[in-house]
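The following exercises concern helix packing, residue burial and a contact between chains. Each task is followed by a worked solution.

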Amino acid sequence: MAARSKVDTLEELLAAEARLIAMYEAGLRRGVVPAGVARPILAEEREHARALERELAGGGSRNPRASVPSPALTAALRDADSFARFALDMETEMRAAYVDAAATIGDAELRRGLGSILACESAHVVALRNSLGERPLVD
Amino acid sequence: MPPSLTRREALGGAAAALVLASCGGSDPAPAGRARPGSGAALLGSLLALEHAVVAAYRACEPKLDGDPLREVRAIVDQERGHVTRLQGLIRDLGGDPPHGRSAEEYARTFPLLGSADDALHFADELEQRQVRAYLEALGELPDLSLRGAAAEIAADEGEHLAAVRLMRGLPAAEGPFVTGAL
């Protein structure tokens, strides 16, 4: 848990949320993820991004970093199974980022709020495992 | 960032909150040499809640079979892991971790469960209560490593809540901000 500023941490979370949003939008466009799985998750990721943007707007944010589409995403778009496994990896990384942020940020109320997003990201992990036919919990 | 409370939490969640308040959060702080303000007392409350939740899941098991029973047992295994972890953290702070109550004492405080649906509804309330407790702890624990542990366990509890919701035929997430708001 390296020391970073609140703005740095929130910007990194926002950039990661933007990658997730782009991933689900691409998956839906290519038809490699069931809408019933992706649309609720996508809507929640957009809410997370909006909340982070609001928080950054009150904290002297710089412009969010631009990102380019990942080659791994391009590969994952070839079929439903590849996409679901890629999305599961991405959501697992996202959750780890929120675990880190919810512990390290100095503002106690913000830590609680990030924790509520963390719990939602956990639900996404479970939803994606379920979509892959796996058990919801890993032993 | 005002916390939000859904109507469902206000109504349905109240039952579990009442039950678990009587067997978790009101238990005494850990005895021993833990320094005031170290977080040991808060960890003791979380541990008391975990003990109560393990007992509550045991009360649910007779109403379940098949996949739901298997998943509930997997949840209980993870909750026991949380118990062990919290005990270690409290001892590291110089405290004596609180013990759980007897199964009979817990059972007196639980609602009557007449069906699998009742059991899963109760499990849903238990997990919401746990997520809320760990999010509160994230705000209050003084030490970064303790908050890291609380965040990791909160992630597990979020998975448990989602798994229970799927078993109830609900979407995995109850919304973008589980039991809270940003």
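Two residues are in contact if their C-beta atoms, placed from the backbone, lie within 7 Å. The model used here is predicted.

**Exercise 1.** Determine how many residues each chain gives to the contact between chain A and chain B, and describe the side of chain B.

*Solution.* Step 1: chain A supplies 35 residues and chain B supplies 34 residues. Step 2: on the side of chain B that touches chain A, the elements giving two or more residues are helices H3 (66-92), H5 (116-140) and H6 (144-167) of chain B. Step 3: H6(B) contributes the largest share of that side, 13 residues. Step 4: by class, this side of chain B has 22 nonpolar, six polar and six charged residues.

**Exercise 2.** Establish how the axes of H4 and H5 of chain A are arranged.

*Solution.* Step 1: the axes of H4 (residues 80-104) and H5 (residues 108-131) of chain A come within 9 Å and cross at roughly 160 degrees. Step 2: angles over 145 degrees count as roughly antiparallel, so H4(A) is roughly antiparallel to H5(A). Step 3: the crossing of H4(A) and H5(A) is left-handed. Step 4: the contact of these two helices comprises 13 nonpolar, five polar and five charged residues.

**Exercise 3.** Decide whether B:Glu50 is buried or exposed, and locate its contacts.

*Solution.* Step 1: B:Glu50 lies in helix H2 (residues 40-60) of chain B. Step 2: a residue is buried if 20 or more other C-beta atoms lie within 10 Å of its own; B:Glu50 has 25, and is therefore buried. Step 3: leaving aside neighbours within four places in sequence, B:Glu50 is in contact with B:Glu79, B:His82, B:Val83 and B:Leu86. Step 4: the C-alpha atoms of B:Glu50 and B:Arg80 are separated by 7.8 Å, the two residues being 30 residues apart along the chain.

Note on methods: Residues are numbered from 1 along each chain as its sequence is written. Chains are lettered from A and ligands numbered from 1 in the order in which they are written. This is a predicted model: local features need pLDDT of at least 70, side-chain atom pairs count only at pLDDT 80 or more; totals for chains, interfaces and linings use all residues. Axes are lines fitted to C-alpha atoms, for helices over the stretch in contact, and angles run from 0 to 180 degrees between N-to-C directions. Helices (H or I, at least four residues) and strands (E, at least two) are DSSP runs, numbered from the N terminus. Angles under 35 degrees count as roughly parallel, over 145 as roughly antiparallel, 65 to 115 as roughly perpendicular and the rest as oblique. A crossing is left-handed if the near helix is turned anticlockwise from the far one by less than a right angle, and right-handed if clockwise. Ala, Val, Leu, Ile, Met, Phe, Trp, Tyr, Cys and Pro count as nonpolar, Asp, Glu, Lys and Arg as charged, and the others, Gly among them, as polar. A residue is buried if 20 or more other C-beta atoms lie within 10 Å of its own, exposed if 12 or fewer, and partly exposed in between; C-beta atoms are placed from the backbone.
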